[in-house]
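Biologist: I should like to learn how to read the features of a structural model in an orderly way. May we begin with a contact between two helices and work outward from there?

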Amino acid sequence: MSYKFSFSYIEASLPALLQGLLMTLQVSVLSIAGAICVGIICASIRIFNVPVLSHVVRAYVHVIRTTPILTQLFFIFYGLPSLGLGLSLYWSAVLCLVLWGGAYNTENVRGGFIAINKGLNDAARALGLKRLQYLWAVALPLGLRISIPAMLNTSISVLKNSSYMQVIGLAELTYVAMERSAMDFRTLENFAAICVLYLMLVWGLSFVVRRVEAQLHKPFRDGR
Amino acid sequence: MDLIAKNMPLFLMGLERTFQLAIATLALSAILSVLMGIASIVRWRLVRWLVLAYVEFFRGVPLVVNVLFVFFAGPLLGISLGPFQAAIISFTLWGSANGAEIVRGGLNSVPKHQITSAMALGLKPWQIFCYIQAPQALLPILPPFTGLFTTLVQATALASMVGLTEFFRAGQIIVERETMRTGDNPAYLIYGFVLLTYMVICSALTMFTRRLELRIGQRRGKGVDRTRPQLGSSRRIEESV
């Protein structure tokens, strides 16, 4: 079978693909921001051992981390409406990504909180700092610094996972490519184009992660 | 509950498919990643770059895109693949990219002085690899590989996108059938059950990984401190999909 790769087709379909990219970015940015908030809040709940909530957070993190995101998505999009919690396509997608990223960020942030010196907690207590004050003045500035690289990695995964949303029909990058392939049978061109777009995003972000990491390393460079 | 019990045969068939897929992929990925892990530490720069390009490419492209691409673009290139083969190929491409990173990390974790000592003793490069590097790298490689298997089990849900009736697709079929037949939507029940089953399987696998880590940590004379994140490598292995 002969198949001619057509660059002019890519050029022609670029506007549509960029439209999809915009949707991908929109959903991703919103979800990443949400996931970071969820991560910080849940990690704080766990680190302070808040009575009931602590267990709830533990269960939530466990469920998300041991199940495929595809099943989570279907549960949210198809399952929740019959429980009386119908969300639009867009918000189902965002909720799914926020929950997914939030679970991973909880572990990331918690790791950072645990890593900072235990003596600091005692010192803060001795100075009479309240829990929230300790969180705000000690744990967050120091702990977050440690967990930032891991959180950025999770954020990259959230971006990549936004491609799952094509299954429920959110018009993001992968969905647009699939739809155009179904119309014109130009699968190769469409997928080559979106591969390049995804790689540009992911590699670009990975580069940023490495730079940030190098910056964060600075104070620890000459033996702590 | 009745619905789940009634459809158990379909679920079990799907589960079998899921495991077939995961195990086949793991086997292929393991072979490929060992080869590539070794290739990524050889002297020739070109080989190293090729492996790096492969790893970075398949780790960078979302797995969804990967699966769809292999399945739908294959026929255009003259390779017609069934859903099962297409799924295995795309998961293997992805799994071996992650596996190569694990193997490379394991090989690099062998202390440098071991290699220089071996060189000083006059061992040949292949002897250094077979007797010094490989045996010591094996233990630290094992836990992340079981972790990769857990991730692969989760990843197999993606095969439902190309029409393979694995566990998740079985659930989908049941929901569709019930909705058509009775009119009311049992989605939350069925997907809840699917979610729970994946959770049980993957929790067991995760627990196994953790115990393996502990055992190996003891054998090497130092406990593995999971809680303390090293301010270090951002080259992380994908933990989930």
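**Reading helix contacts**

Modeller: In helix 8 of chain A, the residues A:Thr187, A:Leu188, A:Phe191, A:Ile194, A:Cys195 and A:Tyr198 meet B:Val65, B:Phe69, B:Phe72 and B:Ala73 in helix 4 of chain B. By class, this contact comprises 9 nonpolar residues, 1 polar residue and no charged ones. Please keep in mind throughout that the model is predicted.

Biologist: How does one read the spacing of such residues along a helix?

Modeller: An α-helix has 3.6 residues a turn, so residues three or four places apart point the same way. In this contact, A:Leu188, A:Phe191 and A:Cys195 are among the residues that helix 8 of chain A contributes, and B:Val65, B:Phe69 and B:Phe72 are among those from helix 4 of chain B.

Biologist: At roughly what angle do the axes of helix 8 of chain A and helix 4 of chain B cross?

Modeller: The two axes cross at roughly 160° and come within 10 Å. An angle over 145 degrees counts as roughly antiparallel, and helix 8 of chain A and helix 4 of chain B are therefore roughly antiparallel to each other. The crossing of helix 8 of chain A past helix 4 of chain B is left-handed.

Biologist: Is there a crossing within chain B that I may set beside this one?

Modeller: Consider helix 5 (residues 83-108) and helix 7 (residues 125-155) of chain B, whose axes come within 8 Å and cross at roughly 150°. That angle makes helix 5 of chain B roughly antiparallel to helix 7 of chain B. Here helix 5 of chain B passes helix 7 of chain B in a right-handed crossing.

Biologist: Which residues of helix 5 of chain B meet helix 7 of chain B?

Modeller: Helix 5 of chain B contributes B:Phe91, B:Gly95, B:Asn98, B:Gly99, B:Ile102, B:Val103, B:Gly106 and B:Leu107. Their partners in helix 7 of chain B include B:Ala137, B:Pro140, B:Ile141, B:Pro144 and B:Phe145. The contact divides into 12 nonpolar and 5 polar residues, with no charged ones.

**Burial and the interface**

Biologist: How many residues of helix 4 of chain B are buried?

Modeller: A residue counts as buried if 20 or more other C-beta atoms lie within 10 Å of its own. By that criterion 11 of the 11 residues of helix 4 of chain B are buried, so this helix is largely enclosed by the rest of the structure. Its buried residues pack against helix 7 (173-184) and helix 8 (187-217) of chain A, together with helix 3 (45-60), helix 5 and helix 7 of chain B.

Biologist: What does the same reading give for helix 3 of chain A?

Modeller: In helix 3 (residues 69-79) of chain A, 11 of the 11 residues are buried, so helix 3 of chain A is largely enclosed by the rest of the structure. The buried residues include A:Leu73, A:Phe74, A:Phe75 and A:Phe77, as well as A:Thr71 and A:Gln72.

Biologist: How many residues of chain B are in contact with chain A?

Modeller: There are 38 residues of chain B in contact with 48 residues of chain A. Helix 4 (63-73), helix 8 (167-182) and helix 9 (187-219) of chain B each supply at least two residues to the chain B side. The largest share, 11 residues, comes from helix 9 of chain B. That side has 26 nonpolar, 10 polar and 2 charged residues.

**Backbone and overall form**

Biologist: How should one read an unusual backbone angle?

Modeller: Most residues other than glycine have a negative phi. A:Asn49 has a positive phi of about 55° although it is not a glycine. A:Asn49 is found in the loop between helix 1 (7-47) and helix 2 (51-65) of chain A, and is exposed, with 9 other C-beta atoms within 10 Å.

Biologist: How many helices and strands does each chain have?

Modeller: Chain A comes to 8 helices and 0 strands, and chain B to 9 helices and 0 strands. Of the 224 residues of chain A, 45% count as buried; for the 241 residues of chain B the figure is 39%.

Biologist: Finally, how is confidence to be read?

Modeller: Where pLDDT is low, the predicted coordinates should not be read in detail. Chain A averages a pLDDT of 87, and 96% of its residues score at least 70. Within chain A, confidence is lowest in helix 5 (residues 118-126), at a mean of 82, and highest in helix 2, at 92.

How values were computed
Residues are numbered from 1 along each chain as its sequence is written. Chains are lettered from A and ligands numbered from 1 in the order in which they are written. This is a predicted model: local features need pLDDT of at least 70, side-chain atom pairs count only at pLDDT 80 or more; totals for chains, interfaces and linings use all residues. Helices (H or I, at least four residues) and strands (E, at least two) are DSSP runs, numbered from the N terminus. A residue is buried if 20 or more other C-beta atoms lie within 10 Å of its own, exposed if 12 or fewer, and partly exposed in between; C-beta atoms are placed from the backbone. Axes are lines fitted to C-alpha atoms, for helices over the stretch in contact, and angles run from 0 to 180 degrees between N-to-C directions. Angles under 35 degrees count as roughly parallel, over 145 as roughly antiparallel, 65 to 115 as roughly perpendicular and the rest as oblique. A crossing is left-handed if the near helix is turned anticlockwise from the far one by less than a right angle, and right-handed if clockwise. Two residues are in contact if their C-beta atoms, placed from the backbone, lie within 7 Å. Ala, Val, Leu, Ile, Met, Phe, Trp, Tyr, Cys and Pro count as nonpolar, Asp, Glu, Lys and Arg as charged, and the others, Gly among them, as polar. pLDDT is the predictor's confidence in each residue, from 0 to 100.
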